[in-house]
Amino acid sequence: MKTHWLKLALAVLVATAAMLFTQNSSAQDATKQKIAVVVSTLNNPWFVVLAETAKARAIELGYDATIFDSQNDTAKEAANFENIIASGYQAILFNPTDANGSVANVQKAKTAGLPVFCIDREINSTNAATAQMLSDSYSGCVKLGEYFVEQVGENGKYVELLGLVGDNNTWNRSKGFHSVVDRYPGLKMVAQQSAEFDRAKGLEVLEAILQKNPDINAVFCGNDAMAMGAYQALVAAGKDKQVKVFGFDGADDVVKLIAEGKITATGMQFPKKMARQAAEFADQYLHGKRDFPQKIPVAVELVTQENVGKYGDYGRKH
Amino acid sequence: MKRAVLAVIALGLLAGIFRFVPLFHFVPLKQEQGRQAAAEFNPTNFAAAFWNDRLLKSLDRAADAGTVLAALSADSPKARTQFGRTLGLSSATLFFLRGTGRVVSVTKKGVSLALKNGDDTADILLPTGLLFGNTVRDGTGLLDASTFPNSQNFNDLSAELNRIVETTLLPQLREKAKVGAKISFAGCAEIAEDDADVKPLPVIPVAVKLESP
């Protein structure tokens, strides 16, 4: 009888403890602050790494974190911001879709009291975002341009595949590259066309260009996804050995092809470094820090067949 | 027949109207991008004003090149922190330097200077070829990216500042710098994280004064 009462008391104790624990953890969940990661597209592995790293770092720092995909569409991006503002998030880690078109979304979040930290891509405003961590695309492409001249020579024909025309990175990369290459009159650009940072479009656009220009020496691509597409087009046309491909991003698949001698060079942008820093800035903001520099350049490093061993997993190997 | 004539006249009129008031224009992508970027910012004017009103009036802020080189060889990380600056999440260090040296060689790459008397080791290289990149823009620490809403403008400024150096300073270096001549200079340098041996340090000049040997 005594044992029976003891068992019953123990069961009540366990049940009460379990109930209290559940209530406590629910209360903790309810009070856990939320960080939104808004990314321009998840249709490119580089941006997946950027978003996933930002999310993982936010979780490590004790936040709930959710990724929102804007699908390279400013309207979807605006809807994501509306949703985030209405859903009680405390901060936004933001990879914008359009340097001008995304300003209003950031401003709306600011008005609602949410700090926004831009990653990789810029918005054309210095008073909307709390801080912007931006790859130094221009000087990265100056380095690529110098290497391009070394590899291709001072005479030749080349094609340029541009990214999204509304993104400043597209033009900073193009201008950095041309600031060098245009100084060599023997290097002729036979076509310049947007493939919207997209691998499939890179393939499609270069295939069409090759029809009219079968004798090119090189392709300069504003990102690695387009470089992969361009390389595929060259393989299909049987020209991959004679045409040098240059990318930009430091995507793993391109770094591997550089190691295999199939792609000539890329610019390593360190997406993980930027994403982690953005999450840490958000954490610092939520703990009271307010004095952030508006624009924080992140250096880009040239990855070539000579130094490719130092790079991998979207950064420098340690 | 009358209707055909009227139709031809109408088409002619329409063609005339569209000639002067076209419904659409074909514009090259690059030209449109350039138009948008240039709408608010004139890099040539900005660079000229910056050069004359700020940069040339700040040459006394530059660190002594000999002191910096000695510090770099003694303790590079400390010297980088003490005399240089790093931008954002970057690993390269930028320096704003000045000094006086003796020309020890003149090559296609540039003019090499020795800073110490009686020693022909080249300490500094003043490049005289094509200039690229942001070393001049960022080296002095006088310009801040955060004050430029559009980074394209900030980058256009680099190209303009390089152009000023190429057109106003480099020709006299190429033509007049002879071995044995004394040159006083101020300029900007950038050292990568893994640059162990920095001599001769390339310094892009923003001011030079030549004395005959």
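# Reading a two-chain model, feature by feature

Biologist: Let me start with one residue. Where in chain B is the place of B:Asp156?

Modeller: B:Asp156 sits in helix H7 of chain B, which covers residues 151-168. Please keep in mind throughout that this is a predicted model.

Biologist: How do I read its accessibility: does B:Asp156 count as buried or exposed?

Modeller: The idea is to compare the relative accessible area with a cut-off, and buried means under 20%. B:Asp156 counts as buried because its relative accessibility is 18%.

Biologist: And which residues is B:Asp156 in contact with, leaving aside its neighbours within four places in sequence?

Modeller: A contact here needs heavy atoms within 4.5 Å. With those sequence neighbours set aside, B:Asp156 contacts B:Pro43 in its own chain and A:Lys175 in the other one.

Biologist: Let me try another residue. Where is the place of A:Ala299, and what does A:Ala299 touch beyond residues up to four places away in sequence?

Modeller: A:Ala299 is in the loop between S11 and strand S12 (301-304) of chain A. Once residues up to four places away are left out, A:Ala299 touches A:Met268 and A:Phe270, along with B:Leu89 and B:Ser90 from chain B. To read such a contact, look at sequence and space together: A:Ala299 and A:Met268 are 31 residues apart in sequence, while their C-alpha atoms are 8.6 Å apart.

Biologist: Is A:Ala299 buried or exposed?

Modeller: A:Ala299 is buried, because its relative accessible area is 19%, and the cut-off is under 20%.

Biologist: Now the sheet. In what order do the strands of the open sheet in chain A run?

Modeller: For a sheet, read the strand order, then the pairing sense, then the edges. This open sheet has 6 strands in the order S2-S1-S3-S4-S5-S11, with parallel pairing. Its edge strands are S2 (64-69) and S11 (295-298) of chain A, and each of them pairs on one side only. On average, neighbouring strands of the sheet are turned by 15 degrees against each other, direction ignored.

Biologist: Can we zoom in on one pair? Over how many bridges do S3 and S4 of chain A pair?

Modeller: Strand S3 (residues 91-94) and strand S4 (residues 116-120) of chain A pair over 3 bridges, in the parallel sense. To follow the pairing residue by residue, start at A:Leu93, which stands opposite A:Phe117 in S4 of chain A. Then go to A:Phe94, whose opposite residue in S4 is A:Cys118.

Biologist: How many of the residues of S4 in chain A are buried?

Modeller: 5 of its 5 residues are buried, and S4 of chain A is described as mostly covered.

Biologist: What about backbone oddities? What is the phi of A:Asp249?

Modeller: Look at the sign of phi and at the residue type. A:Asp249 is not a glycine, yet its phi is positive, about 150 degrees. A:Asp249 lies in the loop between strand S9 (244-246) and helix H9 (252-259) of chain A. A:Asp249 is also buried, at a relative accessible area of 3%.

A second case is A:Tyr314, again not a glycine, with a positive phi of about 60 degrees. A:Tyr314 is in the loop between strand S13 (311-312) and strand S14 (315-316) of chain A. At 9% relative accessibility, A:Tyr314 counts as buried too.

Biologist: And peptide bonds: which residues does a cis peptide bond join in chain B?

Modeller: For this, read omega. The cis bond joins B:Lys199 and B:Pro200, with omega about -5 degrees. B:Pro200 lies in the loop between strand S5 (182-191) and strand S6 (201-202) of chain B.

Biologist: Let me step back to whole chains. How many helices and strands are there in chain A, and how many in chain B?

Modeller: Chain A has 10 helices and 14 strands. Chain B has 8 helices and 7 strands.

Biologist: What percentage of the residues in chain A and in chain B count as buried?

Modeller: In chain A, 54% of the 318 residues are buried. In chain B, the buried residues make up 42% of 213.

Biologist: What does each chain expose, and what do carbon and sulfur atoms supply?

Modeller: Chain A exposes about 13,400 Å², with carbon and sulfur atoms supplying 53% of it. Chain B exposes about 11,700 Å², and there carbon and sulfur atoms supply 57%.

Biologist: Lastly, what are the spans of chain A along its principal axes, and how many positive and negative side chains does chain A have?

Modeller: The C-alpha trace of chain A spans about 95 × 45 × 35 Å. Chain A has 33 positive and 35 negative side chains, and the centres of these two sets lie 4 Å apart.

Notes. Residues numbered from 1 in each chain as written. Chains lettered and ligands numbered in written order. Predicted model: local features only at pLDDT ≥ 70, side-chain atom pairs only at ≥ 80, totals over all residues. Heavy atoms only, no water. Helix = DSSP H or I, 4+ residues; strand = E, 2+ residues; numbered from the N terminus. Buried < 20%, exposed > 50% of the residue type's maximum accessible area, 1.4 Å probe, protein only. Pairing = 2+ DSSP bridges. Axes fitted to C-alpha atoms, helices over the stretch in contact; angles between N-to-C directions. Areas by Shrake-Rupley, 256 points an atom, 1.4 Å probe, with all protein chains shown as cover. Lys, Arg positive; Asp, Glu negative; His and termini not counted. Charge placed at Lys NZ, Arg CZ, Asp CG, Glu CD.
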